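Let's take a friendly walk through a protein model together. Please have the sequence and the 3D view open as you read.

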Amino acid sequence: MQRRTLVHAAAAALAAGALPAFAQGAWPTAKAITYLVPFPAGGTTDVLARLIAQQLTTVLGASVIIDNKGGAGGSVGSEIAARAAPDGYTMLGGTISSHAINVSLYPKLGYDPIKSFAPVTLIGTNPVVLVVNQASPYKTLKDVVEASKAKAASGGLSSASAGTGTSQHLSLELLAYKSGVKFTHIPYKGSGPAIQDVIGGQVDMMFDTTVVAGPHIQSGKLRAIAVTSARRLASMPDVPTVAESGINGLKDFEVVSWQAIFVPAGTPAPVIERLHTEIAKILAKAEMQDKLKGFGMEPASMTTAQIAAFQKSEVEKWAAVIKAANIKVE
């Protein structure tokens, strides 16, 4: 009887909104929280993770350490996170590639993008921009397509990406599929090293997020050819959209990348709610909003349930695209 009374009392306390001891004081402890970034340093996911981790360390009173584990379009680091203990001490920077695209590309993915994780926050969405180095002879998308068509016998123009299955890769494959022109995809382990080779002239071009490409465009090291959004960006008003190119088949071309934060499935709900709330506060700050918009990102505001629904729709969307374009892992 006494035990039953205690159980009922605990249930009543939870119903009244009382947080369990786990959320009140046991988490976080002095133990560091690992923020896994499934790409090398310098890419979009890494840049955002460092901005968030710095402020999250202050508000949680526990160190948030960035751990870069790149490879396979974000799959390597995501698999590590999926296997981590669901105790609140592992976070993952998930992306459109790791948590929506890869499941349709890799026949033996070591995790389920939906079942292996619980969503915490959708940081924002951002289009991709096609860039070439400053010395490139290509000024427009028509220039790029015609040059690649002329080099079809040797594989067409080369295009770098942050890895097979990333938004950079899928943007290229969609361009090839819709335009009927061949390109050579060169996957790297992340945007950082990939874009450096475009700047250096070792690779002809690259689709990359505005977060990574933007500073290089502003510095004059890269030339922006076209953005993959439906409308021109406020941060790059002079750069046309792919759809504006006038090329047959590209009228409805659109790719929007996104960045989110996940934790291993089974992480206690109070921890997820605390992380969601604190990160939302960080992202809502004026300076963070300015940085996101300066990157060309559209800040997002979703509940964890809305993020889960959004992710499911993205998985279905890209599965259809990959099947239609017959995209294969290299």
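Helices and strands here are runs assigned by DSSP, numbered from the N terminus, with a helix needing at least four residues and a strand at least two. Keep in mind that this is a predicted model.

With those labels in hand, start at arginine 83, which sits in the loop between α4 (75-82) and β3 (90-95). Is arginine 83 buried or exposed? Its relative accessible area is 65%, and anything over 50% counts as exposed, so arginine 83 is exposed. From there, look across to valine 211: the two are 128 residues apart in sequence, and their C-alpha atoms lie 29 Å apart in space.

Now let's turn to the interior. In soluble globular proteins, nonpolar side chains tend to be buried together. The largest nonpolar core in this model has 47 residues, and the members that touch the most others are Leu141, Val144, Phe183, Met205 and Trp318. Several elements give two or more residues to this core, among them α5 (96-105), β4 (117-133), α6 (141-150) and β9 (256-264). Which element gives the largest share? That is α12, with six residues. Take a closer look at leucine 141: leaving aside residues up to four places away in sequence, its contacts are Leu130, Leu175, Ile225, Val242, Ser245, Ile247 and Leu250. There is also a second, separate core of 32 residues, and Val211, which you met earlier, belongs to it, as do Ile33, Ile66 and Leu292.

Next come pairs of helices. Two packed helices are described by the angle between their axes and the distance between the axes. Begin with α8 (residues 191-199) and α9 (residues 210-219), whose axes come within 11 Å and cross at roughly 30°. Angles under 35 degrees count as roughly parallel, so α8 and α9 are roughly parallel to each other. Their crossing is right-handed. On the α8 side the contact is made by Ser191, Ile195, Gln196 and Ile199, and on the α9 side by Val212, Ala213 and His216. Sorted by class, these residues are four nonpolar, three polar and no charged.

Compare that with α10 (residues 269-284) and α11 (residues 286-294), where the axes come within 5 Å and cross at roughly 75°. That angle makes α10 roughly perpendicular to α11. Here Ile282, Leu283 and Ala284 of α10 meet Ala286, Met288, Gln289 and Leu292 of α11. This contact has six nonpolar residues, one polar and no charged.

Terms used:
Residues numbered from 1 in each chain as written. Predicted model: local features only at pLDDT ≥ 70, side-chain atom pairs only at ≥ 80, totals over all residues. Heavy atoms only, no water. Axes fitted to C-alpha atoms, helices over the stretch in contact; angles between N-to-C directions. Parallel < 35°, antiparallel > 145°, perpendicular 65-115°, else oblique. Left-handed = near helix turned anticlockwise from the far one by under 90°. Contact = heavy atoms within 4.5 Å. Nonpolar A, V, L, I, M, F, W, Y, C, P; charged D, E, K, R; others polar. Core = buried A, V, L, I, M, F, W, Y, C linked by side-chain atoms within 4.5 Å. Buried < 20%, exposed > 50% of the residue type's maximum accessible area, 1.4 Å probe, protein only.
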